[in-house]
Amino acid sequence: MLLGFARQKNKALKLIRPALETSMKILPVILSGGSGTRLWPVSRSDYPKQLQRLVGDETLLQQTVLRLEAADDIMQPLIICAEDQRFLVAQQLQEKNIKASLIILEPTARSTAPALATAALWVQDPENTILVAMPADHHIDNKQAFLENIRHAAQLAAQGYLMTLGIPPTHAHTGYGYIERGSALDAQAFTVKQFKEKPDAPTAQAYLETGRYFWNAGIFVFRADHYLAALACHEPKVRQACQAALARARADLDFLRLDKEAFMQAPNISIDYAVMEKADNAGVLPASFAWNDIGSWQALWQIGDKDEHDNVIAGDVIVKDTARSLIQSEDRLIAALGLEDMLVIDTPDALFVSRLDKADEVKDIVAHIKEDGRSEIKEHLRVWRPWGYYERIDQGSRFQVKQIMVRPGGKLSLQKHHHRAEHWIVVSGTAKVQCGEEIKTLSANQSIYIPQGTKHRLENTSLLPLYLIEVQSGDYLGEDDIVRFEDIYARVEATATLFQQDDESDVHEEEQERKVSL
């Protein structure tokens, strides 16, 4: 039963909550809400690092979930992510045939304590469910050792401990929080004596020399009911707000959308501050696997595959007399000559060049870009949608050119625009187009004109991707000039909600229709 509101008659929750077995089970809770701006310009708020392929062929999110597969005692993961990233998360799980217990959508960022409170409240059998909370954007070597550590921590969690995995430090790192061990719990695990904030260099060196400190990796293992009890004791407002947000949640396709008004009442606080630093039953298990949070470009260089001169190269790159550098290109040639300890990251709309040991200061660049209101902080030229993507090619004061890709079976919403007309030219594939009352089928080299204010829709009914060029013209070309009437991805209701909010604010009718759907 759901704690605190077993009698809640929420049909959406009943439909999508699976039955849990009465025996102790391990439920992974994957936290995928970060923005990862320290890896700009690759990682951006709409497409953060956990959704990127930074190490290997899978994204960090995919690697995190695949790390847990094929274990009989581990349930399908629960994913918690931002609303704006829901379709990207779902698509990446689908690519690897990964089935999740549920994807919970956070309407606003509230750090890890509320996210995990929502997960614990969602569980039907909290006394027999061990939650394993972990970020979606870390790199871990040795899957078997990781699973062994998780199971060991779960055994201690079943006894009443709020466990965390501590990373044995390899050097005096000033960018991580530290955990000081206390007395022994068993042959490997310890009680937690205290948590420490990120130290300065001399303090970090002193921690390293004692041998009693571990890096805080943000991986936690506890029984769902024990975490809820700790919240009730130390941060009751977190539990109360999340309980209300879950009680008023609604199903949205394969997602569970938390109530925004209720969730915003939760304090913006991490599990470390909310519970772990205050609890007298916290424990730490030293990890026996290699770990990296990929929190900076220098961290990515450290774990990357290096050439004979310690360079990490990705993409179309030619180097000469270059050493100890990270150079990455997405779609054009980079030629580097005579570089040492340098970082060169090239994307279609931004180039970042820095000394490798100064790359952490990219946060200052990101802050400047944000202050200027530039789009490079938020999205790439290629913008992903549930049906595929569009990519900006060129634009001017009254025109914009995009490439559009629609996946097989993908279908854009039935929509219209108040301020622009569109001209579609099919490059490859077959397009089913509705323009007004007319429906046409177009193939390569055929085109159609969509007048301003005309209802229209695009669909790919074939088994191959559809590619076309879109030319927009008009006095306003923003993405918020979309009025949706029908949508298979359930975005029309979200638009209607925004319209209702505008009505309450007496916003003009035409401005209402320009509101973008979620």
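In the predicted model, the side chains of His 152 and Asp 186 form a polar contact at 2.7 Å. His 152 belongs to helix α5, which covers residues 143-158. Because its relative accessibility is 15%, below the 20% limit, His 152 is classed as buried. Beyond residues up to four places away in sequence, His 152 touches Gln 188 and Leu 285 as well as Asp 186.

Just ahead of this helix in the description of the fold, Asn 142 is placed in the loop between β5 (139-140) and α5. The phi angle of Asn 142 is near 70°, a positive value in a residue other than glycine. With a relative accessibility of 43%, Asn 142 is partly exposed. A second asparagine, Asn 445, also has a positive phi, near 75°. Asn 445 is located in the loop between β26 (438-442) and β27 (447-450), and its relative accessibility of 72% puts it in the exposed class. Most residues other than glycine have a negative phi, and most peptide bonds are trans. With respect to the peptide bond, an exception is found between Trp 40 and Pro 41, which are joined in the cis form with omega at about 10°. Pro 41 lies in the loop between β1 and α2 (60-66).

The loop between β1 and α2 also holds Lys 49. Lys 49 has a relative accessible area of 5% and is therefore buried. A polar atom of the Lys 49 side chain is 2.8 Å from the backbone oxygen of Asp 293. Apart from residues up to four places away in sequence, the residues touched by Lys 49 include Ser 35, Gly 36, Leu 39 and Ser 43, together with Leu 54, Leu 60 and Asp 137. Asp 293, Ile 294 and Gly 295 are also among the residues that Lys 49 touches.

Strand β1 contains Leu 31, a buried residue with a relative accessible area of 17%. Leu 31 and Ile 80 are 49 residues apart along the chain, yet their C-alpha atoms are separated by 5.3 Å. Ile 80 is one of the contacts of Leu 31 outside the four neighbouring places in sequence; the others are Thr 112, Ala 115, Leu 116, Met 134, Pro 135 and Ala 136.

The geometry of helix α8 (residues 236-247) was compared with the expected span. At 1.5 Å a residue, its twelve residues should extend over 16 Å, and the separation of 16 Å between the end C-alpha atoms agrees with this value. The expected span is 1.5 Å times one less than the number of residues. Residues three or four places apart in an α-helix point the same way because there are 3.6 residues a turn. The buried residues of α8 are Val 238, Arg 239, Ala 241, Cys 242, Ala 245, Leu 246 and Ala 247.

Open and enclosed spaces were also examined. Rolling a probe the size of a water molecule over the atoms shows where empty space is left. The second largest pocket has a volume of about 1200 Å³. Its lining comprises 46 residues, and those nearest the centre of the pocket are Thr 112, Pro 135, His 138, Gly 218 and Asp 272. Two or more lining residues come from each of β1 (25-32), α4 (112-122), β8 (190-196), β9 (213-223) and α10 (271-276). The largest share, four residues, is supplied by β9. By class, the lining of this pocket consists of 17 nonpolar, 18 polar and eleven charged residues.

Two cavities of 30 Å³ or more are present in the structure. The largest cavity has a volume of about 210 Å³. It is lined by 21 residues, of which Trp 387, Leu 412, Gln 415, Glu 479 and Ile 482 are the closest to its centre. The elements β22 (399-406), β24 (420-428), β28 (456-459) and β29 (466-474) each give two or more residues to this lining. Seven nonpolar, five polar and nine charged residues make up the lining of the largest cavity.

The second largest cavity encloses about 40 Å³ of space. Thr 64, Arg 67, Met 134, Pro 135, His 138, Ile 140 and Ile 219 form its lining, which divides into four nonpolar, two polar and one charged residues. Pro 135 and His 138, listed here as lining the second largest cavity, are also among the residues nearest the centre of the second largest pocket. Met 134 and Pro 135, from the lining of the second largest cavity, are in turn among the contacts of Leu 31.

Methods. Residues numbered from 1 in each chain as written. Predicted model: local features only at pLDDT ≥ 70, side-chain atom pairs only at ≥ 80, totals over all residues. Heavy atoms only, no water. Buried < 20%, exposed > 50% of the residue type's maximum accessible area, 1.4 Å probe, protein only. Polar contact = N/O pair within 3.5 Å; in protein donor to acceptor, adjacent residues only side chain to side chain. Contact = heavy atoms within 4.5 Å. 1 Å grid on protein atoms, 1.4 Å probe; cavity = no way out; pocket = protein on both sides within 12 Å on 5 of 7 lines; lining within 4 Å. Points joined across faces, edges and corners; volume = space filled by probe spheres on them. Nonpolar A, V, L, I, M, F, W, Y, C, P; charged D, E, K, R; others polar.
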